[in-house]
Amino acid sequence: MSLDEHKITRIESFTFRREFPRYMGHNAKAGPHGKTGFEKIRRIHTNQGASGIGRSASPDESVYCFIGCSVENLFDPAIGTVVEAGFLDAPLHDLAGHILQQPVWKMMGARADNSIEIYTGGIYFDDLDPLGSPRGIDAVLEACQQDFEAGHAHFKLKIGRGFKFMETSKGDQRDIDVTRVVRDAFPNSKILIDANDGYTLPRFRRYFEAVSDCEIYWVEEPFMETVEDLEALRAFLNDISPQTMIADFESRNGRNEQPPSPFGRWRADHLAELYELGSKGLIDVALMDVGSMGLTAWRKVMPLLEANGIKGSPHAWDAPLKTIYAAQVNCGLGNGEIVEGVPGLVVGVDTSTYTLKNGILTLPDRPGFSLSIDESQVLEYSDSGSN
Ligand SMILES: [Mg+2]
C-alpha cells in the first residue's frame, strides 16, 4: 500500500516515565541529571488502520492541524518529513515504515550493517556525589561496571571537574586519575572523553599529555571551538595520539533556531561552518542532537558531512529512545561513528526487538522503529478524537 492512500485521522499523546539505571550526576557545566524523567510519545492513526509512534514533545495544537492530511503530503520515504510537520518527524518515519513494511534504516538506504558499535554516555561525575559526602573514583568504576553488565563495552567519560565543581588543578588531576583508572579496569574498551567545553586549550593539553597512552578514541568538546584552537589541538594530537578523533558541534551558540525549521534547533550557517572545519581536517565527528535537529535533517546533513570528511554520531543524551533513533540514522545513512548509548528505559515503551551485547547494538529487521507501547503505564494522555 502506498502513502497517498492514507489520511491522518487521529493523534494520541502519551507521557511515560523514563528511568536511568542509577542517579546521573554532573558534567563539567550541568546536572545533576537525576534518576527519572518524562517522555512524550505520539501515535498517529490513518483511515486505513495504520499507525506510527515516536517521540514528539510539542503542544497538541502544533500537531492536530495535520489531521485530515494525506501522509504523502507530509512525508517522502526518500527524504523524510516536510518542514511544517517537523514536530511529527519521528512518528511519521515510524508510520511510513509500517505502511511500507520497511525498517526505517532500510528506508534511509541501509548503507551500513544493522549491527553497530555503541558506547555508554552515562558515566558522569559519580565520584563527586553525593555532594556532601562524595564517594570517590570507585563510584565511577561502579557505574562503568553496571553498564558493562548491561551489554556495554565502551565508555565516554565526562571530564572538566575543574571547571566549577573542584578547584581547577585538583579537578584536572581527578580527570586524569579517573581516565587512567577506567583504562586500567577496562583494557579492551574504547574510551571517549567529553569536557562539555569545560577546559581551555592549555589546560586540556596538560590533561591529555597525562593520558596520552590511554588510547583515547575521541575528544569531545574540549573547549569552545575556534579555528585557531582547533588547529593547535589537531597539531598536538597528531604528535601525541594521532588516532584520537575530535568530536564537536553538540552545542554552540548556533543552536537556537525555533522549529519547525529545516534543521530543527540548528542554524544552516552554523552547519556550513562545520563543513568548512571538516574540510580543513579540524573536526572528525559531528554530534548534532538526533531529537532537536531531527531525523530528516540528519538525512540532509549526513551526505554533506561525508563530502567534507566528517563522520556522524547523533547526540542522544538523555533519552534511551534517542539512542535507537541515532542507531537507525547511522545504519541507514552510513558514514557513522560509534553511537551514544543512553542507559535506561522508558516504562511503557517496548524496545526488546533491539539487542545490546558486547557493545554492539543490533537493530531489528522489522517495520518502522519496531517499538510498541503499553498503555497501562501512561502517566498523562490526550487524544485528538477520531473523525
Ligand atoms: Mg557531549
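Here are four exercises with worked solutions on the predicted model shown above.

**Exercise 1: The two domains**

Task: Find which stretches of the chain make up domain 1 and domain 2, and describe how the two domains meet.

Solution:
- Step 1. Start with the bounds. Domain 1 is built from residues 3–101 together with 372–383, while domain 2 runs over 115–362.
- Step 2. Look at the spacing. The centres of the two domains, taken over C-alpha atoms, are 26 Å apart.
- Step 3. Count the residues in contact. Domain 1 contributes 37 residues and domain 2 contributes 45 residues.
- Step 4. Turn to the area. The size of an interface is often given as the accessible area lost when the parts come together. Here domain 1 and domain 2 bury about 3,300 Å² between them, and 57% of it is on carbon and sulfur atoms.
- Step 5. Pick out the top contributors. Of the area that domain 1 buries against domain 2, 21% comes from Arg-22, His-26 and Lys-29, more than from any other three residues.

**Exercise 2: A salt bridge from strand to helix**

Task: Work out which parts of the chain are tied together by the salt bridge of Asp-147 and Arg-22, and decide whether each residue is buried or exposed.

Solution:
- Step 1. Recall the idea. Side chains of opposite charge can pair when their charged atoms come close.
- Step 2. Check the distance. In the salt bridge between Asp-147 and Arg-22, the closest N and O atoms are 2.8 Å apart.
- Step 3. Place the partners. Asp-147 sits in helix α4 (residues 137–149) and Arg-22 in strand β1, so the salt bridge joins parts that lie 125 residues apart in sequence.
- Step 4. Compare with the cut-off. Buried means under 20% relative accessible area. Asp-147 has 2%, so this residue is buried. Arg-22 has 9% and therefore also counts as buried.
- Step 5. Widen the view. The rule finds three salt bridges across the interface of domain 1 and domain 2, and 26 in the whole structure.

**Exercise 3: A pair and its network**

Task: Locate Glu-12 and Arg-43 in the chain, then list the network of salt bridges they belong to.

Solution:
- Step 1. Begin with the pair. Glu-12 and Arg-43 form a salt bridge, with 2.8 Å between the closest N and O atoms.
- Step 2. Find the strands. Glu-12 belongs to β1 (residues 8–24) and Arg-43 to β2 (residues 34–46), so their pairing ties together parts 31 residues apart in sequence.
- Step 3. Ask about burial. Glu-12 counts as buried because its relative accessibility is 3%, and Arg-43 counts as buried because its value is 13%.
- Step 4. Follow the links. Arg-10, Glu-12, Arg-43, Glu-375 and Asp-383 are connected in a network of salt bridges.

**Exercise 4: The two sides of helix α8**

Task: Explain why the buried residues of α8 lie on the same side of the helix, and name what they pack against.

Solution:
- Step 1. Get to know the helix. α8 (residues 227–240) has 14 residues and spans 20 Å from its first C-alpha to its last, close to the 20 Å expected at 1.5 Å a residue.
- Step 2. List the buried residues. In α8 they are Leu-230, Leu-233, Arg-234, Phe-236 and Leu-237.
- Step 3. Use the arc. These residues cover an arc of only 165° around the axis, so they fall on the same side of α8.
- Step 4. Check the other side. There, Glu-228 and Asp-239 are exposed.
- Step 5. Name the neighbours. The buried residues of α8 pack against α7 (201–211), β9 (216–220), β10 (245–248) and α9 (268–279).

Notes:
Residues are numbered from 1 along each chain as its sequence is written. This is a predicted model: local features need pLDDT of at least 70, side-chain atom pairs count only at pLDDT 80 or more; totals for chains, interfaces and linings use all residues. Side-chain values use heavy atoms; hydrogens and water are left out. Helices (H or I, at least four residues) and strands (E, at least two) are DSSP runs, numbered from the N terminus. The expected span of a helix is 1.5 Å times one less than its number of residues. Buried means under 20% relative accessible area, exposed over 50%, partly exposed in between (1.4 Å probe, protein chains only). The arc is that of the directions from the helix axis to the C-beta atoms. Contact means heavy atoms within 4.5 Å. Domain bounds come from an automatic or database domain assignment. Buried area is the accessible area (1.4 Å probe) that two parts lose on being put together, summed over both. A salt bridge is a side-chain nitrogen of Lys or Arg within 4 Å of a carboxyl oxygen of Asp or Glu.
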